[in-house]
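The following report describes a single molecular structure, shown below. Please keep the sequence and the model in view while reading.

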Amino acid sequence: MPESTMKDKNYNLVCVLEASLRNAWTMQTYIEDAEFAEDAELAEWFRKIQHNSLKAGEQGKRMLRDRLAEPGEER
């Protein structure tokens with residue numbers, strides 16, 4: 001993988017945050033597809049991935065909010 005041309009930790013945080021939330025959204029489609037195919041095991045696996053992506057997204061939003069807060073503001 002080529003080295004990123006953008007050397008900005010906050011940009012990287014935003015990119016990972018977006019990817020995590022997009023992945024959680026995509027997993028919903030996969031869950032529904034697995035349920036339609038009556039594959040409970042696969043649906044549950046997708047739910048676990050979705051849960052982890054949502055958890056990462058919430059952590060990323062919290063970190064971004066803290067970084068964007070004005071100095072001295074309540075975080």
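## A buried serine and its surroundings

With a relative accessibility of 12%, Ser20 counts as buried, because burial means a value under 20%. The model is a predicted one. Ser20 has its place in helix 1. Setting aside its neighbours within four places in sequence, Ser20 is in contact with Ser53, Ala56 and Gly57. Two of these partners, Ser53 and Gly57, are among the buried residues of helix 2.

## Overall architecture

The protein chain has 2 helices and 0 strands. Helix 1 covers residues 9-36, and helix 2 covers residues 40-68. Of the 75 residues in the protein chain, 20% count as buried. The accessible surface of the protein chain comes to about 6300 Å², and 55% of this surface belongs to carbon and sulfur atoms. Among contacts in the protein chain with a separation of 6 or more, 53% are accounted for by residues 24 or more positions apart.

Does the length of helix 2 agree or disagree with the span expected for its residues? The 29 residues of helix 2 should span 42 Å at 1.5 Å a residue, and the end C-alpha atoms are 41 Å apart, so the two values agree. The buried residues of helix 2 are Ala43, Phe46, Gln50, Ser53, Gly57, Gly60 and Leu64. Helix 1 is included in what covers them.

## The nonpolar core

Which residues form the largest nonpolar core? The core has 5 residues, namely Met27, Ile31, Ala34, Ala43 and Phe46. Each of helix 1 and helix 2 supplies at least two residues of this core, and helix 1 gives the most, with 3 residues. In soluble globular proteins, nonpolar side chains tend to be buried together.

Met27 illustrates the contacts of a core residue. Leaving aside neighbours within four places in sequence, Met27 is in contact with Phe46, Ile49 and Gln50. Of these partners, Phe46 also belongs to the core, while Gln50 is one of the buried residues of helix 2.

## Aromatic pairs

A pair of aromatic rings is described by the distance of the centres and the angle of the planes. The structure has a count of 2 aromatic pairs. The ring centres of Tyr30 and Phe46 lie 5.5 Å apart with the planes at 50°, so this pair is tilted. The pair links distant parts of the chain, since Tyr30 is in helix 1 and Phe46 is in helix 2, 16 residues apart. Tyr30 counts as partly exposed at 36% relative accessibility, whereas Phe46 is buried, with a relative accessible area of 13%.

Trp45 and Phe46 form an aromatic pair that is likewise tilted, at 5.5 Å centre to centre and 45° between the planes. Ring pairs thus join Tyr30, Trp45 and Phe46 into a cluster. Phe46 therefore takes part in the aromatic cluster and in the largest nonpolar core, and the value of 13% for its relative accessible area places it among the buried residues.

## Salt bridges

Side chains of opposite charge can pair when their charged atoms come close. How many salt bridges does a search of the whole structure find? The search finds 4 salt bridges, and the table lists some of them.

| Salt bridge | N to O distance |
|---|---|
| Arg22 and Glu18 | 2.6 Å |
| Arg47 and Glu44 | 3.5 Å |
| Lys61 and Glu58 | 2.8 Å |

Arg22 and Glu18 both lie in helix 1, 4 residues apart, which is about one turn of the helix. Arg22 is partly exposed, with a relative accessible area of 46%, and Glu18 is partly exposed at 40%.

Arg47 and Glu44 are 3 residues apart in helix 2, so about one helical turn separates them. Arg47 counts as partly exposed at 30% relative accessibility, and Glu44 is partly exposed, with a relative accessible area of 37%. Together with Glu35, these two residues, Glu44 and Arg47, are linked in a network of salt bridges.

Lys61 and Glu58 both lie in helix 2, 3 residues apart, again about one turn of the helix. Lys61 counts as partly exposed at 34% relative accessibility, and Glu58 is partly exposed, with a relative accessible area of 40%.

Methods
Residues are numbered from 1 along each chain as its sequence is written. This is a predicted model: local features need pLDDT of at least 70, side-chain atom pairs count only at pLDDT 80 or more; totals for chains, interfaces and linings use all residues. Side-chain values use heavy atoms; hydrogens and water are left out. Rings of Phe, Tyr and Trp (its six-membered ring) pair if their centres lie within 6.5 Å; planes under 30 degrees apart count as stacked, over 60 as edge-to-face and the rest as tilted. Buried means under 20% relative accessible area, exposed over 50%, partly exposed in between (1.4 Å probe, protein chains only). Contact means heavy atoms within 4.5 Å. The expected span of a helix is 1.5 Å times one less than its number of residues. A nonpolar core is a set of buried Ala, Val, Leu, Ile, Met, Phe, Trp, Tyr and Cys residues joined through side-chain atoms within 4.5 Å. Accessible areas come from the Shrake-Rupley method with a 1.4 Å probe; for residues, only the protein chains shown count as cover. A salt bridge is a side-chain nitrogen of Lys or Arg within 4 Å of a carboxyl oxygen of Asp or Glu.
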